[in-house]
Amino acid sequence: MDPITIALGLAQFVPGLIRWIGGDDAEKAAKVADQVVGVARTVTGKAGGEDALAAIKADPALALQLQQAWLAHEVELSREETRQLAEINATMRAESASDDRYVRRWRPTFGYAVALTWTATMLAVSWAVIAEPAQAPNIIAALVNTSPIWGIALGVLGVAVVKRSHDKTLHS
């Protein structure tokens with residue numbers, strides 16, 4: 001049984017564990033699953049994760065020990081998460097306070113670049129469809145293949161616009 005499956009089995013005994021193994025970051029989930037399985041193995045003295053899960057299911061005292069051991073480990077996970085957020089926050093503050101025009105204006109620059117690229121793409125596609133109507137299905141199919149790229153670019157642009165609007169309301 002893989003560590004995430006075992007960790008999900010242990011989640012019934014450890015409140016809040018799903019917070020650490022749920023979500024979109026599969027790498028983080030796997031890392032935390034390995035950690036909780038390691039804690040369970042330490043608490044039970046069993047060599048394998050499945051054996052540790054079975055022992056905890058069979059003995060309520062071990063389940064309580066697992067909860068206590070995990071809470072101590074969770075404090076360390078929270079400290080690391082707090083440290084990462086503080087670093088990100090400090091970077092954003094430094095960017096905002098910078099006297100370098102480009103550092104302060106990367107969002108509008110990115111916005112203009114996306115808008116210019118979008119416009120050029122749409123003009124080229126429109127011209128190609130008008131110039132070669134027989135190729136229109138192929139051209140449109142090729143344009144559809146660019147959807148993931150545009151989805152990412154427009155998503156980043158959307159976050160930048162929302163963040164900049166938020167920054168402006170804070171500084172007003």
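Contact here means heavy atoms within 4.5 Å. With that in hand, the H7 and H8 pairing in this predicted model is easy to lay out: Thr121, Met122, Val125, Ala128 and Val129 in H7 meet Ala136, Ile139 and Leu143 in H8. Sorted by class, that contact comes to 7 nonpolar residues and 1 polar one, with no charged residues. As for geometry, H7 (residues 106-131) and H8 (residues 136-144) pack at an angle of about 165 degrees, and their axes are 9 Å apart. Angles over 145 degrees count as roughly antiparallel, so H7 is roughly antiparallel to H8. The crossing of H7 past H8 is right-handed.

H7 also has a hand in the aromatic story. Searching the whole structure turns up 1 aromatic pair. In general, a pair of aromatic rings is described by how far apart the centres are and by the angle of the planes. For Trp118 and Trp150, the ring centres are 4.9 Å apart and the planes sit at 90 degrees, so this pair is edge-to-face. The partners come from distant parts of the chain, 32 residues apart, with Trp118 in H7 and Trp150 in helix H9 (residues 147-171). Their surroundings can be read from the accessible areas: Trp118 is partly exposed, at a relative accessible area of 36%, whereas Trp150 is buried, at 12%.

Moving to the other end of the numbering, helix H1 (residues 3-10) meets helix H3 (residues 26-44), the two axes coming within 8 Å and crossing at roughly 60 degrees. At that angle H1 is oblique to H3, and the crossing is left-handed. On the H1 side, the contact is made by Pro3, Ile4, Ile6, Ala7 and Leu10; H3 supplies Ala29, Ala30, Ala33, Asp34, Val36, Val37 and Ala40. The tally for this contact is 11 nonpolar residues, no polar ones and 1 charged.

H3 is home to Val32 as well. What does Val32 touch, leaving aside residues up to four places away in sequence? The list is Leu17, Trp20, Ile21, Trp70 and Leu77. Val32 is buried, with a relative accessible area of just 2%. For a sense of scale, the C-alpha atom of Val32 is separated by 44 Å from that of Ile140, which comes 108 residues away along the chain.

Trp20 shows up again in the contacts of Glu74: with residues up to four places away in sequence not counted, Glu74 touches Gly16 and Trp20. Glu74 is found in helix H5 (residues 60-97). Is this residue, Glu74, buried or exposed? Under 20% relative accessible area counts as buried, and Glu74 comes in at 14%, so Glu74 is buried.

H5 also packs against helix H4 (residues 49-58), where the axes come within 5 Å and cross at roughly 115 degrees. From H4, the residues involved are Ala55, Ile56 and Ala58, and they meet Pro60, Leu62, Ala63 and Leu66 in H5. By class, the H4 contact with H5 has 7 nonpolar residues and no polar or charged ones.

Conventions
Residues are numbered from 1 along each chain as its sequence is written. This is a predicted model: local features need pLDDT of at least 70, side-chain atom pairs count only at pLDDT 80 or more; totals for chains, interfaces and linings use all residues. Side-chain values use heavy atoms; hydrogens and water are left out. Axes are lines fitted to C-alpha atoms, for helices over the stretch in contact, and angles run from 0 to 180 degrees between N-to-C directions. Helices (H or I, at least four residues) and strands (E, at least two) are DSSP runs, numbered from the N terminus. Angles under 35 degrees count as roughly parallel, over 145 as roughly antiparallel, 65 to 115 as roughly perpendicular and the rest as oblique. A crossing is left-handed if the near helix is turned anticlockwise from the far one by less than a right angle, and right-handed if clockwise. Ala, Val, Leu, Ile, Met, Phe, Trp, Tyr, Cys and Pro count as nonpolar, Asp, Glu, Lys and Arg as charged, and the others, Gly among them, as polar. Rings of Phe, Tyr and Trp (its six-membered ring) pair if their centres lie within 6.5 Å; planes under 30 degrees apart count as stacked, over 60 as edge-to-face and the rest as tilted. Buried means under 20% relative accessible area, exposed over 50%, partly exposed in between (1.4 Å probe, protein chains only).
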